Each structure stands twice: as structure tokens, then as C-alpha cells.
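Colleague: I'm new to this one, so could you walk me through it? Let's put it on screen and take it piece by piece.

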Amino acid sequence: MKQLERIRRKFAATPQLSSVLTICGLLLMVFAAMCVYSESYRSTYNITNVLVQCVPLACVSLGQTLVIISGGIDLSVGSTISVCTAIAARLMGSDNPVQVFLGVVVVFAFAAVVGLVNGAGVNYLKVPPMITTLCTSTILEGVALWILPVAGGRINADFARVVYKKWDIISMPLIILIVLFLAMRYLLYRTRTGTSLYAIGRSRPIAASMGVKTTQASMKAYVLAGLCAAVTGLLLACRMRVGDPTCGANYGMDSIAATVIGGTSLAGGTGLLSGTVAGAFLIGMLSNVMNNLNVNQFYQYVMKGALLIAAMVVYSISDRLEVRRRES
Amino acid sequence: MEQDYLEFLHITKRFPGVTALDDVSMSVRRGEIHALVGENGAGKSTLMNILGGNLQPNEGELRLDGQPVKIASPIDAYDKGIGFVHQESNLLENLSVYENVFLGRERVLPLGRTDRKGMCREILECCQRLGYQLEPEKPVAELNLAERQSVEIVRALLGRPRILILDEPTAALAEDEVARLFRIVRELRQEGVSVLYISHRLDEIMELADRVTVLKDGRLVGTLEREELDKDRMVSMMVGRVIEDIYPDRSQVQFGQELLRVEGLTIPGKLEQVSFSVRAGEIVGLGGLEGQGQRTAVRAIFGDQRFSQGSISVEDTPLKSGGIAGRIRSGVAYVTHDRRGEGLVLTQSIRKNSSLAALRRLCTPLGVMKEGEERAQVGKQMELLQIKASSMEELVSHLSGGNQQKVMLARWLMTRPRVLIIDEPTKGIDIGARMSIYQIIHQLTQAGIGILMLTSDMVELIGLSDRTLVFYEGRIVKELSRSEITEERVMKAASGMTEE
């Protein structure tokens with residue numbers, strides 16, 4: 001009973017949760033329809049593949065969600081991903097495990113620095129998040145091409161194989177995502193940093209007047225977004241076994257889309273991580289399905305945009321209903 | 001018991017254009033309930049915000065227990081044992097009760113985990129002691145105003161304050177909730193906490209306070225001891241200023257037919273059965289303390305606020321819910337009090353700002369601006385209102401407050417209104433510009449416009465209004481004509497006192 005009450009509470013506190021369940025239902029429906037439609041689709045091999053394909057977007061979107069909850073936005077995650085694959089392809093080609101490990105360290109360190117720069121721009125220079133991260137994004141696009149002018153380089157094959165190891169339906173990328181998700185969940189829902197992020201997303205002045213270290217919290221969000229982008233970058237690099245200085249281009253907008261579809265408000269202050277993962281899987285799954293059905297790439301873009309608009313409309317309607325319910 | 005615990009020494013606080021506090025000294029004893037009274041803008045809130053760390057004084061110092069202290073921020077105040085319960089809820093709606101109570105000083109377990117259960121337990125214990133019923137895990141968005149206040153009180157009390165500031169704490173409370181609050185405040189006094197109590201309800205103060213300090217126009221009028229407390233005496237200390245000779249002589253003005261009629265306007269919790277009318281050529285002033293429903297009424301008239309009951313008509317035509325655009329077409333105009341926030345587009349020129357509300361008149365049916373006509377009309381208004389600027393292309397952000405106010409007037413006069421609502425006509429502008437705005441308002445009434453004026457400046461209210469309606473808790477409690485009005489009568493009505 002107590003458990004039930006907690007769940008009811010949770011629904012009341014986060015009205016988006018029901019929308020998340022809707023998304024999951026939608027996912028299952030699409031999936032079931034595909035399974036009926038196509039023989040090859042229901043093979044374990046394909047299911048594992050579909051899940052693995054969705055993981056990179058889910059990882060980067062988790063970081064994006066933190067930033068958006070805190071009232072900011074990070075447009076630079078896409079080019080951070082590109083730079084990370086470029087660095088990985090330059091440093092992680094050797095057969096020496098120590099050097100491969102060092103490569104991983106450098107990638108994460110670089111991503112953290114990007115996060116710090118974004119956070120500093122937003123918090124100390126007081127440049128709006130959209131502008132700050134757009135600028136760093138543009139710079140990083142250049143940096144990626146400077147490190148690796150064309151797709152190439154090499155990723156240590158053993159390392160890549162470990163990262164993409166599969167056991168039936170379970171795969172290493174999936175495990176990485178689950179671990180990352182649990183860590184982020186812990187941070188957002190169980191620590192004071194998490195509470196601070198929600199607080200500054202709603203109102204920085206009020207949060208500050210209650211003793212929240214607003215700058216610190218906001219900086220953390222950007223750094224974590226950078227680190228999540230690094231995870232995605234490494235995953236992509238291991239999948240391709242080479243670096244690609246433009247491979248992250250779509251991830252900036254897609255991660256925002258996944259976050260919004262998952263029920264996080266762009267205004268900040270509300271949102272949840274499970275929704276973001278569901279949103280990322282919905283986007284990934286739909287493009288996989290459309291590829292399977294040989295739908296033209298153009299329509300895929302149209303579809304993605306329409307999905308985003310639909311999500312916005314649904315949330316804005318449910319928001320208004322919520323307000324009206326509280327007023328009465 | 002009798003020693004001074006907190007002292008304000010020669011506190012002066014200046015804001016651009018006004019001195020909010022001028023050399024104010026007062027002291028608060030350990031374990032007393034010290035009430036602070038005064039009109040709107042007397043400086044009560046400024047003084048408390050200095051104590052609460054929201055503002056820094058320009059001059060003077062604070063002493064706690066004889067030691068000079070500097071209170072750098074709200075959280076610094078909290079750490080020094082000063083709790084502040086704000087008039088308007090200062091909580092984050094997206095967080096739960098316990099998160100709000102412990103925000104910025106969460107109890108943390110190993111691994112950085114917040115101790116949710118422990119924090120909820122502490123809140124429940126505190127609530128039990130105080131007689132509140134709060135569910136710690138409920139989101140604040142679902143609480144009503146009284147519950148939100150109890151969250152603030154719990155937050156303040158869990159910091160074990162030596163001083164507790166309560167700013168208009170009973171404004172949103174029902175009777176039994178007020179009784180509970182009083183009991184809590186008395187218990188705190190027993191425990192040696194000094195309570196600073198701001199209120200405009202003199203009955204409450206008579207019941208509760210040990211001493212009362214009266215402020216007026218940012219100056220200290222005096223402190224009354226318990227045995228000296230007397231409502232009439234407090235009122236006479238709050239009022240008593242000279243009505244300066246800067247107002248136009250309106251004794252010869254003739255009023256025409258009725259232009260605006262409001263009947264039984266009701267918005268649950270905000271307005272109750274508000275009825276009044278404005279005639280052509282008349283200036284009707286809406287007075288009362290801040291937040292008693294005057295602004296809500298005016299916004300309803302201007303179509304910016306839905307109302308559940310009542311009717312509003314202009315020149316005998318009832319206004320439907322047509323929103324602001326519909327109101328403008330019906331001849332209603334509203335000059336806002338928030339010049340920079342919702343009045344002017346600061347990055348635009350005088351011309352663009354002036355023509356904004358009358359675009360419908362200044363455009364061809366296809367929506368193309370008739371620029372020649374725009375220039376002609378704006379030029380005419382600038383001349384009429386004597387707006388001082390190099391040209392109509394100057395940015396409004398470069399203008400003085402008085403000229404900015406005139407640009408807003410120009411904007412609304414270009415819509416050719418029948419009823420002009422002016423909210424705080426002279427807020428933050430200097431005396432010369434004020435006189436010229438009063439003159440303009442006077443001339444407008446001579447041209448047959450009805451004026452509805454909302455002002456928190458008592459002297460202005462008395463000097464300018466032909467008829468004054470005093471609001472108290474969403475009702476009109478008093479109507480005073482020009483011959484009847486005195487500062488004291490307005491103040492009494494505004495404090496909820498009935499005249500014997």
C-alpha cells in the first residue's frame with residue numbers, strides 16, 4: 001500500500017510520467033507491428049541491434065536533460081561527440097592497452113573542459129546558454145576537422161570488440177547505458193546537486209536566496225553533459241572503428257528532441273530521465289523502422305519534426321489541464 | 001528580557017531617485033513581539049530586507065547582541081539566526097515541501113545521498129509542535145497560500161532563529177489560521193525569540209504586539225510601548241503630511257454622463273462585489289494598501305483578467321470578454337505601473353512606442369503602416385504632452401522617467417480612449433514632471449475623458465481624485481468625495497477600521 005501511495009505521489013509530482021508511459025506504449029506498438037510485418041525483424045539478432053543503435057543517442061540525451069532541467073541548453077554536445085571520435089581515432093589505434101586507456105582518459109578530460117567552458121560562459125560571462133553553446137559548438141566543429149580532416153584513424157580492435165560485446169539480447173552498450181542511467185538518476189533524485197538543478201531551473205534568484213550554490217550547480221550540469229557526450233563519442237568510434245569529424249552533427253538537436261519528447265520542459269525546472277531514455281529510443285526506433293521499410297531519408301526528417309511538434313502539443317495541453325486542476 | 005538584542009543604527013537606504021530609509025534607528029528586545037507599521041512606501045519592507053540580507057544599507061549599521069554585524073545575503077542572515085517569512089511566497093513550486101524547507105542545507109548521508117526520511121521526520125515533528133498539517137513529500141505547487149506560508153515558517157523555525165521577521169503574515173489566512181499563527185508567535189516569544197511583525201491590520205497589532213514602531217516616508221516617527229498602544233494614535237502617527245500645492249484646481253470641473261460602470265465584479269478570493277462608476281471629466285482614485293484588489297479590478301476592466309460574476313460597461317454598452325484588443329476598440333486604455341517591464345519597448349524609438357496601441361488606426365486594410373499619418377499623430381502628441389526629446393526617433397531608454405511616462409500616455413491617447421486607467425501615474429519621477437503629468441490629466445478630463453487612477457501615494461490620491469474608493473481585502477470599504485477626504489479617514493478605511 002505504502003508503495004502504491006509513493007507511486008501515486010510520484011505521478012502527482014511529475015505529470016509527465018504518464019506521458020512517458022504513453023511513449024513506451026507507442027514504442028511497443030511500433031515494435032510489435034514491425035515484428036508481425038517482417039520475419040527478419042523479430043530475430044534476436046535484429047532486436048539486439050536495434051537496442052544497440054539507440055544507445056548513443058540515449059547517453060548524450062541524459063546529459064542534455066540535466067542541462068535543460070537546470071534552465072540551460074547545450075547545443076555543443078553534437079560537435080563534442082565529433083571531436084571525441086576524432087581524438088579517439090588519433091590516440092587509441094595502438095595495440096598497447098595503456099595507451100588505449102590513456103586515450104579514453106584524454107577524451108573524457110577534453111569533454112569535461114568543454115563543459116567547463118560552456119558553464120563559465122553561461123555563469124561568469126552571463127552569455128545566454130543558447131549563444132554560448134552555439135559558439136563552442138562552431139569552434140569544436142573546426143577543432144574536429146583540425147584533428148582529423150577526413151574520416152579515418154583507427155580504434156584498437158580489441159577495445160572496440162569489448163565495448164560492443166553482445167550476449168543474446170544483452171549487449172555491452174546496453175549495460176553502459178543502464179549504468180550511466182542509474183548513476184544520473186542517483187545524482188538527480190538522491191543528491192543535493194539534483195535538487196539544486198531543479199531549483200535553479202525554476203528560479204535562480206529564489207534558489208540563491210535560499211542558499212543554493214547556483215553557479216556550482218549549473219557548472220556541474222554542463223560538465224556532465226560534456227561527459228555524457230564523450231560516452232556517446234566513444235561508443236560511435238568503437239562502432240565505426242574509425243574517427244569521423246562530422247559524425248556528431250545530428251546529435252545536438254536529436255538529444256534536445258529526445259529530452260523534450262521525454263517530458264522535460266525547455267523552460268527548465270521540470271523533467272525526468274526515464275522519459276529522455278524513452279524519447280531517445282523512440283527516435284532511434286522510428287528511424288530504424290523507416291530504414292527497414294526503405295522510407296526515403298527526407299521523410300524521416302519530416303517524421304522526426306512532426307513527432308517533436310506532437311510531443312510539444314501534448315505536453316502543453318497537459319500542462320494547461322494541470323494548472324486548471326490546481327486552480328479549481 | 002529588557003535588553004536590546006537587535007539594534008538598527010542610523011540606517012539610510014537610497015534608491016535611484018528616492019530615499020527609502022532616512023536615518024532610521026530602532027531597537028528590538030529579546031523575546032518581544034515588535035510590530036512595524038506605516039503606509040505603503042513608508043520603508044517597512046526595505047528595513048526588513050536589509051535585516052534579511054536582501055539589501056545593503058548605504059549608511060548606518062546593524063548590531064546583534066551589541067556587536068556590529070554585516071548581513072551579506074539571505075543565507076548569511078539565516079546562519080546568523082534571522083528567519084524571514086515573506087509576504088509573497090518565496091518557494092520553488094516545482095519542488096516538494098521537504099526540498100523547499102531544506103534547500104541549500106540538505107541533510108546528507110554517506111555517498112552524497114540526501115536523507116529524505118530524516119528531513120521529512122524533522123518537518124513532521126516541527127509541524128506537530130506548531131499544529132500544522134503538512135505532507136513533506138507533496139509538491140509545493142499543490143499547496144494553497146496558507147499552507148505555503150506554513151512551509152516558510154517551518155523553514156525559518158528549523159534554523160532555530162533568534163529573530164523572526166513576519167511580513168504581512170495574515171494577509172492570506174482564514175480566522176482559525178490566524179489564531180494558530182498568533183499562538184505560535186506567542187510561544188516563540190516565550191522561548192526568547194524576537195519577532196518583527198509587519199502588518200497593516202491594527203486590530204491584530206493591538207492584540208499581539210509588545211511594542212510598535214511607526215515609519216513614515218522612510219523616517220522613524222516613534223516607538224510606542226505596550227501601555228501607550230492606541231489605534232487612533234497609531235493612525236495619526238502614520239499620516240499627517242502637507243498636501244503640496246502642485247495639484248490642478250479642480251473645483252470648477254463639471255462632470256458629464258456616466259462613461260464606465262462596474263457592477264458586482266467578483267473574482268473568488270480576489271474581489272467581492274465591486275461596483276462603481278466613472279463619469280466624463282471625473283477623476284476617480286482607487287486607494288488602499290497594496291494588494292487589496294485595486295489592481296485586479298483594473299485589470300478586469302482592461303480585459304486582462306477573467307471574472308466570474310459582475311458586469312462592466314462603457315457608455316452603456318456592456319463589454320464582453322474580448323480581451324485587451326476588444327477593450328481598446330471600446331475606448332478603454334490602461335497605462336501600466338510597470339513602465340520598464342510591461343510598458344515600454346525599451347529598445348525602440350518614441351515613435352514606435354507611441355503608435356503601438358493604435359496600430360489598427362494607423363494601418364491600411366492590408367496591414368501596411370501609413371507612416372506619414374503615424375509621424376503626424378505622434379508629433380501632435382509629443383507637442384501636446386511636451387515630451388522632451390531630440391526627435392521622435394530617439395530611443396525611449398534614453399529618456400527620463402517623466403518623459404517615458406508621457407510616451408506611455410501618448411500611446412494610449414492615440415487610441416482615443418473614453419476611459420483612461422492610469423496605474424501609478426507618477427511612480428519614480430521627479431516633481432517637475434509630476435506637476436506636468438497632473439496638468440495633462442486635468443486637461444484630459446476637461447476634454448471629456450473619464451479617468452480611473454490607481455495610486456499608492458496617499459498625497460497624490462487626495463490631491464487629484466474627485467472621488468476616492470478605498471479597497472480593503474477585495475472590497476470597496478469606503479467612498480470619499482473631495483470635500484470629505486482626509487488622510488486619516490483613508491488610512492483608517494485602508495486598515496480595515498470602521499469609523500465610529
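Colleague: Is R160(B) buried or exposed?

Modeller: Keep in mind that this is a predicted model. R160(B) sits in the loop between α5 (145–158) and β7 (163–167) of chain B. A residue with 12 or fewer other C-beta atoms within 10 Å of its own counts as exposed. R160(B) has 10 such neighbours inside 10 Å, so it is exposed.

Colleague: And what about the phi of R160(B)?

Modeller: Most residues other than glycine have a negative phi. R160(B) isn't a glycine, yet its phi is positive, at about 45°.

Colleague: Where is R416(B), which also has a positive phi without being a glycine?

Modeller: Its phi is about 50°. With 12 other C-beta atoms within 10 Å, R416(B) is exposed. As for its place, R416(B) lies in the loop between α15 (401–413) and β17 (419–423) of chain B.

Colleague: On to chain A, then. Which element gives the largest share of the side of chain A that touches chain B?

Modeller: In that interface, 20 residues of chain A are in contact with 22 residues of chain B. The elements giving two or more residues to chain A's side are α1 (2–13), α9 (192–202) and α10 (204–209) of chain A. By class, that side has eight nonpolar, seven polar and five charged residues. The largest share, five residues, comes from α9(A).

Colleague: How do α8(A) and α9(A) lie, roughly parallel or roughly perpendicular?

Modeller: The axes of α8 (residues 172–190) of chain A and α9(A) come within 4 Å and cross at roughly 70°. Angles of 65 to 115 degrees count as roughly perpendicular. That makes the two helices, α8(A) and α9(A), roughly perpendicular.

Colleague: Which residues of α9(A) make the contact with α8(A)?

Modeller: From α8(A), the contact uses L187(A), L188(A), Y189(A) and R190(A). By class, the contact of α8(A) with α9(A) has four nonpolar, two polar and one charged residues. On the α9(A) side, the residues are T193(A), G194(A) and L197(A).

Colleague: Which helix gives the most to the largest nonpolar core?

Modeller: That core has 217 residues, and those with the most contacts inside it include A88(A) and I165(B). Leaving aside neighbours within four places in sequence, A88(A) touches several residues, among them G233(A), L234(A) and A237(A). With 17 residues, the helix that gives the most to the core is α11 (residues 214–240) of chain A.

How values were computed
Residues numbered from 1 in each chain as written. Chains lettered and ligands numbered in written order. Predicted model: local features only at pLDDT ≥ 70, side-chain atom pairs only at ≥ 80, totals over all residues. Core = buried A, V, L, I, M, F, W, Y, C linked by C-beta atoms within 7 Å. Buried ≥ 20, exposed ≤ 12 C-beta atoms within 10 Å, placed from the backbone. Contact = placed C-beta atoms within 7 Å. Nonpolar A, V, L, I, M, F, W, Y, C, P; charged D, E, K, R; others polar. Axes fitted to C-alpha atoms, helices over the stretch in contact; angles between N-to-C directions. Parallel < 35°, antiparallel > 145°, perpendicular 65-115°, else oblique.
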